[in-house]
Amino acid sequence: DSIFDVQVKRLHEYKRQHLNVMNILAQYNYLLNNPNADFVPKTYIFGSKAAPGYYLAKQIIKMIWALSEEIRKNPRINDKLSVYFLEDYRVTLSELLMPASDISEQISLAGTEASGTGNMKLMLNGALTMGTLDGANIEIKDAVGDDNIFIFGMKTEEVNARKASGYNPGDIYNSNDIARECIDRMYNGINGCTFEEVANSIRNKDPYMVLADFDSYRETQNKSSEIYKDQTKWTKMSLENIAGAGIFSADRAVNEYKDNILAKDRFNYRVLYHTDLSRKKGMSGNIDLSRINWGNFDLVVIDESHNFRNNSARNDRETRYTRLLNDVMKAGVKTKVLMLSATPVNNRFTDLKNQLALAYEGNTDKIDENISKTKSIDTILKNALTIFNEWSKLEPEERTGKELLDRLNSNFDFFKLLDSVT
């Protein structure tokens, strides 16, 4: 009979998992003082991963775990309130979790989420969105109507106005007893662990305005619990969400795109549907892979091309990498090869090195010809990684994209290196 309240996404302060935790702490404190209260059972489920150098995000994960353990050990509370953090959240786990979800937490600060797609997947499986007017929540609200979604918090223009007027989270800490009790519990300890960094961030800086939206979030959480008591109404709301999810279909998006006069020429391509180039036999759509002529294709796209080159580790057989290299690149087939790589920086730039090697395959001397650089490639990448690691330790309000770019500009050879394969 418990509500499954689910927040699964990358751990970042702007996504405000710590706002969710604040509400759970408030409910926990309430039940400690009122163990026999009429309380709709809630099961809060988190799934998330944090960037390797993102210390505060890892502290929030630890805080979720600590809260989960403390509640689990309290027999007076754990039949009404429980918290779970799912390790190694991934697609296979989401396939089990999303159909079981009742509430989809999409609670980023308004104006910070570009879109989001997890909210669409949860909606499609019947979960009701608990969210701010941010990202794709706005389109979900338009699709299902105001009565079938739980919207709370400030709008983007209200966020901007409050920041401009001088937002001071300390004022809320001093005046809001419930919020203060939650933050003080972080200072005093949860399951024997203290979380001073998280508490200080919320109390003193609060860059993503957790305290500003706290009361509105709690009120909307309480509203959802009251509605859940009426199972007929809840089921109707869930069905409205499932029925309204069609607008997010890829078919709809492609149909709109193909009717766009600016894009119509982009569909005049013969497409090879099969992407596993290690296969030489079988059909891909209506194309026989054993009789393929690369010259029939205007464009060959290699997605995640840094991994594509890694496929060449074995020398005793032709891999998908060596096959394309021999059949297209070295054979001089009149087609274009587009390599796509959003290269991560958390592996000492190994992927970027592979991307450079692939771009200049067989002509590595061209790297030096095309790049006017003062340092070796290894030194350039090492310096860029040092800059990134220093940037990742900045306070949230300072850790902006512009700040990272400004710092990398001091190592200008790094951009010359990127430009050589872009």
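User: Happy to look at this predicted model with you. Which residue is the bridge partner of Gly47 in S3?

Analyst: Glad to start there. Strand S2, residues 42-47, is joined to S3 by 6 bridges, and the two run parallel. Within that pairing, the bridge partner of Gly47 in S3 is Leu86.

User: In what order do the 6 strands of that open sheet come, and which are the edge strands?

Analyst: The 6 strands form an open sheet with parallel pairing, in the order S3-S2-S1-S4-S5-S6. Two of these strands pair on one side only, which makes them the edges: S3 (81-86) and S6 (150-151).

User: Let's move to S9. Which of its side chains point to one face and are buried?

Analyst: Strand S9 covers residues 299-303, and its side chains alternate along the strand. Leu299, Val301 and Asp303 point to one face and are not buried. Those that point to the other face and are buried are Val300 and Ile302.

User: And which residue in S10 does Leu299 stand opposite?

Analyst: S9 is joined by 5 bridges to strand S10, residues 336-340, and the two run parallel. In S10, the residue opposite Leu299 is Lys336.

User: Which residues have the most contacts inside the largest nonpolar core?

Analyst: That core has 64 residues, and H2 gives the most to it, with 9 residues. Another core lies apart from it, with 13 residues that include Leu356, Phe414, Phe415 and Leu417. Inside the largest core, the residues with the most contacts are Met22 and Met186.

User: Leaving aside neighbours within four places in sequence, which residues is Met22 in contact with?

Analyst: With those neighbours set aside, the list includes Ala179, Cys182, Ile183, Met186 and Ile202. Met22 is also in contact with Val210, Leu211 and Phe214, and these three are buried residues of H10.

User: Where does H10 bend, and by how much?

Analyst: Helix H10 spans residues 210-228, 19 residues in total. From its first C-alpha to its last it reaches 25 Å, close to the 27 Å expected at 1.5 Å a residue. The bend is at Ser216, by about 30°.

User: Is Glu69 buried or exposed, and what is its relative accessible area?

Analyst: Glu69 lies in helix H2, residues 55-72. Its side chain makes a polar contact of 2.8 Å with that of Arg72. Since buried means under 20% relative accessible area, Glu69 counts as buried because its value is 17%.

User: What about Ser108: which side chain does it join in a polar contact, and at what distance?

Analyst: Ser108 is found in the loop between strand S4 (103-106) and helix H4 (118-124), and it is buried, with a relative accessible area of 6%. Beyond its neighbours within four places in sequence, Ser108 is in contact with Tyr14, Lys15, Arg16, Glu113, Thr132 and Asp134. The side chain it joins in a polar contact is that of Asp134, at 2.6 Å.

User: Finally, how far apart in space are Lys205 and Tyr167?

Analyst: Lys205 is found in helix H9, residues 196-205, and counts as partly exposed at 36% relative accessibility. The side chains of Lys205 and Glu395 are joined by a polar contact of 3.2 Å. Tyr167 is one of the residues in contact with Lys205. The two are 38 residues apart in sequence, and their C-alpha to C-alpha distance is 8.9 Å.

Notes
Residues numbered from 1 in each chain as written. Predicted model: local features only at pLDDT ≥ 70, side-chain atom pairs only at ≥ 80, totals over all residues. Heavy atoms only, no water. Helix = DSSP H or I, 4+ residues; strand = E, 2+ residues; numbered from the N terminus. Expected span 1.5 Å × (residues − 1). Bend = angle between axes of the 7 residues up to and from the residue. Buried < 20%, exposed > 50% of the residue type's maximum accessible area, 1.4 Å probe, protein only. Polar contact = N/O pair within 3.5 Å; in protein donor to acceptor, adjacent residues only side chain to side chain. Pairing = 2+ DSSP bridges. Core = buried A, V, L, I, M, F, W, Y, C linked by side-chain atoms within 4.5 Å. Contact = heavy atoms within 4.5 Å.
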